[in-house]
Amino acid sequence: MEPLMVLHATLASFVLTLGPLQILRRRRDAAHRLVGRVWVGAMVGTCASSFAIHPHGFNWLHGLAVFTLASVTAGIVAISRGNILAHRRNMSGSYLGTLVAFGFAALSPNRAIMHVALTDAPSLLLAVTLILATSAAIVSIALRPRPARTGVVSASPSR
């Protein structure tokens, strides 16, 4: 596979693996924000790289990428304004769109992912394992307990 397609597939895999944590986890804390930033970066990279992959011209998946970029941007703007419902809807919708695109790419016989699965399954398995391990590491880092602050404020020297 071409390096650009590998990058695209890797970033999309991070979107797919980190998305459920963001959507299903109840706590909206520092871990949510950290994993969310990684997720948004992977989503933007996935969409951006898709525009350079068009062996047979642009298609509906490229339209979905434009829509997804707009939706993710709207989600970021919404949360910055405190609109949690709009944020949740935009980000969840973006994730669902990625699932649709993945389903199409994985099940279509003329797409690269199907070709790799049929011709080089061990490499695909290795890639999936590495992506899952990296996603687990990102989540582990995000969820690790933070050191407690002592509340001690540096005082000026007394005389």
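These are legends for a set of close-up views of one predicted model.

**View 1. The whole chain, helix after helix.**
Before zooming in, here's the overall layout of this predicted model. The chain has six helices and zero strands, so its pattern along the sequence, by the definition of helices and strands used here, reads α-α-α-α-α-α. Of the 159 residues in the chain, 31% are buried. Take the contacts with a separation of 6 or more: 62% of them join residues 24 or more positions apart. As for the outside, the accessible surface adds up to about 10500 Å², and carbon and sulfur atoms hold 68% of that.

**View 2. The largest nonpolar core.**
In soluble globular proteins, nonpolar side chains tend to be buried together. Here the largest nonpolar core has 20 residues, and W39, M43 and V72 are the ones touching the most other members. Helices α1, α2, α3, α4 and α6 each give two or more residues to this core. Which helix supplies the largest share? That's α2, with seven residues.

**View 3. W39 and its neighbours.**
This view picks up W39, one of the core residues that touch the most other members. Leaving out residues up to four places away in sequence, W39 touches F14, V15, L18, G19, V72, M91, S94 and Y95. V72 turns up in that list, and V72 gets the next view.

**View 4. V72 on helix α3.**
V72 sits in helix α3. Is V72 buried or exposed? V72 counts as buried because its relative accessibility is 2%, and the cut-off for buried is under 20%. Setting aside neighbours within four places in sequence, V72 is in contact with W39, V40, M43, M91 and S94. Among those partners, W39 and M43 are, like V72 itself, the core residues with the most contacts to other members. Look for H87 too: the C-alpha atoms of V72 and H87 are separated by 8.5 Å, with their positions 15 residues apart along the chain.

**View 5. The second largest pocket.**
Rolling a probe the size of a water molecule over the atoms shows where empty space is left. The second largest pocket comes out at a volume of about 540 Å³. Its lining is made of 19 residues, and Q22, H32, G36, H87 and M91 lie nearest the centre. Four helices give two or more residues to that lining: α1 (3–24), α2 (30–50), α3 (60–80) and α4 (84–107). What kinds of residues are in the lining? By class, there are eight nonpolar, six polar and five charged residues.

**View 6. H87, by the centre of the pocket.**
H87 belongs to helix α4 and is one of the residues nearest the centre of the second largest pocket. Even so, H87 has a relative accessible area of 16%, which means it's classed as buried. Apart from residues up to four places away in sequence, H87 touches H32, G75, I76, A78 and I79. H32 is another of the residues that lie nearest the pocket centre.

**View 7. S49 on helix α2.**
S49 is found in helix α2, the helix that gives the core its largest share. With a relative accessible area of 6%, S49 is buried. What does S49 touch, not counting residues up to four places away in sequence? Just look for L4 and H8.

**View 8. V38, another α2 residue.**
V38 lies in helix α2 as well. At a relative accessible area of 30%, V38 is partly exposed. Beyond its neighbours within four places in sequence, V38 is in contact with L18 and I138. L18 also appears among the partners of W39. For a C-alpha distance, try V38 and S135: they're 97 residues apart along the chain, and their C-alpha atoms are separated by 9.8 Å.

**View 9. L132 on helix α6.**
L132 has its place in helix α6 (residues 121–143). Its relative accessibility is 46%, so L132 counts as partly exposed. The residue to find alongside L132 is F14: they're 118 residues apart along the chain, with C-alpha atoms separated by 8.1 Å. F14 is also one of the residues that W39 touches.

Notes:
Residues are numbered from 1 along each chain as its sequence is written. This is a predicted model: local features need pLDDT of at least 70, side-chain atom pairs count only at pLDDT 80 or more; totals for chains, interfaces and linings use all residues. Side-chain values use heavy atoms; hydrogens and water are left out. On a 1 Å grid over the protein atoms alone, a cavity is a set of points where a 1.4 Å probe fits but cannot get out, and a pocket is an open set with protein on both sides within 12 Å along at least five of seven lines; lining residues have an atom within 4 Å of a point. Grid points are joined across faces, edges and corners, and a volume is the space filled by probe spheres set on the points. Ala, Val, Leu, Ile, Met, Phe, Trp, Tyr, Cys and Pro count as nonpolar, Asp, Glu, Lys and Arg as charged, and the others, Gly among them, as polar. Buried means under 20% relative accessible area, exposed over 50%, partly exposed in between (1.4 Å probe, protein chains only). Contact means heavy atoms within 4.5 Å. Accessible areas come from the Shrake-Rupley method with a 1.4 Å probe; for residues, only the protein chains shown count as cover. A nonpolar core is a set of buried Ala, Val, Leu, Ile, Met, Phe, Trp, Tyr and Cys residues joined through side-chain atoms within 4.5 Å.
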